[in-house]
Amino acid sequence: MRASLTMDGVDSCEFRVRYAETDQMGVAHHAHYVIWCEHARTEYMRNRGVSYRSLEQGGLLLPVIAVKIRYRAPARYEDLIRVRCWVREASRRHVEFGYAVEHAQNSSLLATAATTLMAVDVQRTRAVIPDSIRDKLVPVEDPVHI
């Protein structure tokens with residue numbers, strides 16, 4: 001998988017749909033889109049110097065509390081896929097990421113998605129995202145309609 005950082009606040013990663021991610025007809029199973037978005041989100045944060053591991057070691061957890069996906073066209077075995085990721089909203093306690101899953105070669109849209117993450121501490125009580133982290137999670141206008 002290849003990840004890239006862009007100047008417009010929208011990052012992307014590319015990969016091929018693996019055989020294990022498809023059904024007998026060669027179509028990617030819908031559940032894998034959530035995993036692909038998680039990978040893009042992890043790379044987005046890593047590109048900004050934030051790793052989930054360092055957050056967790058510091059006592060901050062960011063569980064996903066909501067997922068929304070709109071499927072538009074199927075991804076198929078061996079398709080080269082690009083997942084674009086950006087921050088839609090960021091507050092003291094929540095951050096919402098947006099995603100566009102598309103064919104890397106022609107940019108045709110396969111799905112759009114959004115995930116909302118909430119800050120909690122190790123006791124699973126609500127927490128605050130530190131300014132040093134929130135400053136790196138800058139919301140941008142959605143590049144596609146979610």
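Which residue in E7 does His94 stand opposite? His94 stands opposite Met118, and the views below start from that strand pairing in this predicted model.

**View 1. Strand E7 pairs with E4 and with E6.**
Strand E6 covers residues 94-103 and joins E7 through nine bridges, the two strands running antiparallel. The pair His94 and Met118 is a good place to begin tracing this ladder. E6 and E7 make a hairpin with five residues between them, and in the turn you will find Ser107 with a positive phi of about 60°. Strand E4, residues 64-71, also runs antiparallel to E7 and is joined to it by seven bridges. On that side, look for Val64, whose bridge partner in E7 is Leu117. E7 is mostly covered, with nine of its ten residues buried.

**View 2. Thr112 sits buried in E7 with polar partners.**
Here we zoom in on Thr112, part of strand E7 (residues 109-118). With a relative accessible area of 1%, Thr112 is buried. Its side chain makes a polar contact with the side chain of Arg72 at 3.3 Å. The Thr112 side chain also reaches the backbone oxygen of Ile146, again at 3.3 Å. Setting aside neighbours within four places in sequence, the residues in contact with Thr112 include Lys68, Ile69 and Arg70, along with Tyr99, Val144 and His145.

**View 3. Helix H1 is followed by a glycine with positive phi.**
Helix H1 takes in residues 32-47, 16 residues in all. From first C-alpha to last it reaches 23 Å, close to the 22 Å expected. Among the buried residues of H1 are the aromatic side chains of Tyr33, Trp36 and Tyr44, and the buried set also includes Arg41 and Glu43. After the helix comes Gly49, with a positive phi near 80°.

**View 4. The largest nonpolar core draws on helices and strands.**
Nonpolar side chains tend to be buried together in soluble globular proteins. In this model the largest nonpolar core has 33 residues, and those with the most contacts inside it are Trp36, Met45, Val83, Phe97 and Val101. H1, H2, E2 (11-16), E5 (80-90), E6 and E7 each supply at least two of its residues. H1 gives the most, with six. Phe97 makes a friendly guide to the surroundings: beyond its neighbours within four places in sequence, it is in contact with residues including Tyr44, Met45, Cys85, Val87, Ala113, Leu117 and Leu137. A second, separate core of six residues includes Trp86, Ala100, Ala114 and Ile146.

**View 5. Leu55 is a buried residue of helix H2.**
Leu55 belongs to helix H2, residues 52-57. It is buried, with a relative accessible area of 7%. Leaving out neighbours within four places in sequence, Leu55 is in contact with Met45, Val50, Leu60, Leu62 and Ile133. For a sense of scale, Leu55 and Ala28 are 27 residues apart in sequence, and their C-alpha atoms are 32 Å apart in space.

**View 6. Arg82 and Glu14 link strands E5 and E2.**
The model has a count of nine salt bridges. In this one, the side chains of Arg82 and Glu14 meet at 3.4 Å, N to O. The pair links distant parts of the chain, with Arg82 in strand E5 and Glu14 in strand E2, 68 residues apart. Both partners fall under the 20% cut-off for buried, so Arg82 at 14% counts as buried, as does Glu14 at 15%.

**View 7. Asp142 and Arg88 meet in another salt bridge.**
The side chains of Asp142 and Arg88 come to 2.7 Å, N to O. Asp142 lies in the segment after helix H3 (131-134) and Arg88 in strand E5, 54 residues apart. Asp142 is partly exposed at 26% relative accessibility, and Arg88 is partly exposed with a relative accessible area of 26%.

**View 8. Arg134 and Asp131 bridge within helix H3.**
The closest N and O atoms of the salt bridge between Arg134 and Asp131 are 2.5 Å apart. Both residues lie in H3, three residues apart, about one turn of the helix. Asp131 is partly exposed, at 48% relative accessibility. Elsewhere, salt bridges that share partners join Glu14, Arg82, Arg84 and Glu102 into one network.

Terms used: Residues are numbered from 1 along each chain as its sequence is written. This is a predicted model: local features need pLDDT of at least 70, side-chain atom pairs count only at pLDDT 80 or more; totals for chains, interfaces and linings use all residues. Side-chain values use heavy atoms; hydrogens and water are left out. Helices (H or I, at least four residues) and strands (E, at least two) are DSSP runs, numbered from the N terminus. The expected span of a helix is 1.5 Å times one less than its number of residues. Buried means under 20% relative accessible area, exposed over 50%, partly exposed in between (1.4 Å probe, protein chains only). A polar contact is a pair of N or O atoms within 3.5 Å; within protein, one must be able to donate a hydrogen and the other to accept it, and residues adjacent in sequence count only if both atoms are side-chain atoms. Contact means heavy atoms within 4.5 Å. Two strands pair if DSSP finds at least two bridges between them. A nonpolar core is a set of buried Ala, Val, Leu, Ile, Met, Phe, Trp, Tyr and Cys residues joined through side-chain atoms within 4.5 Å. A salt bridge is a side-chain nitrogen of Lys or Arg within 4 Å of a carboxyl oxygen of Asp or Glu.
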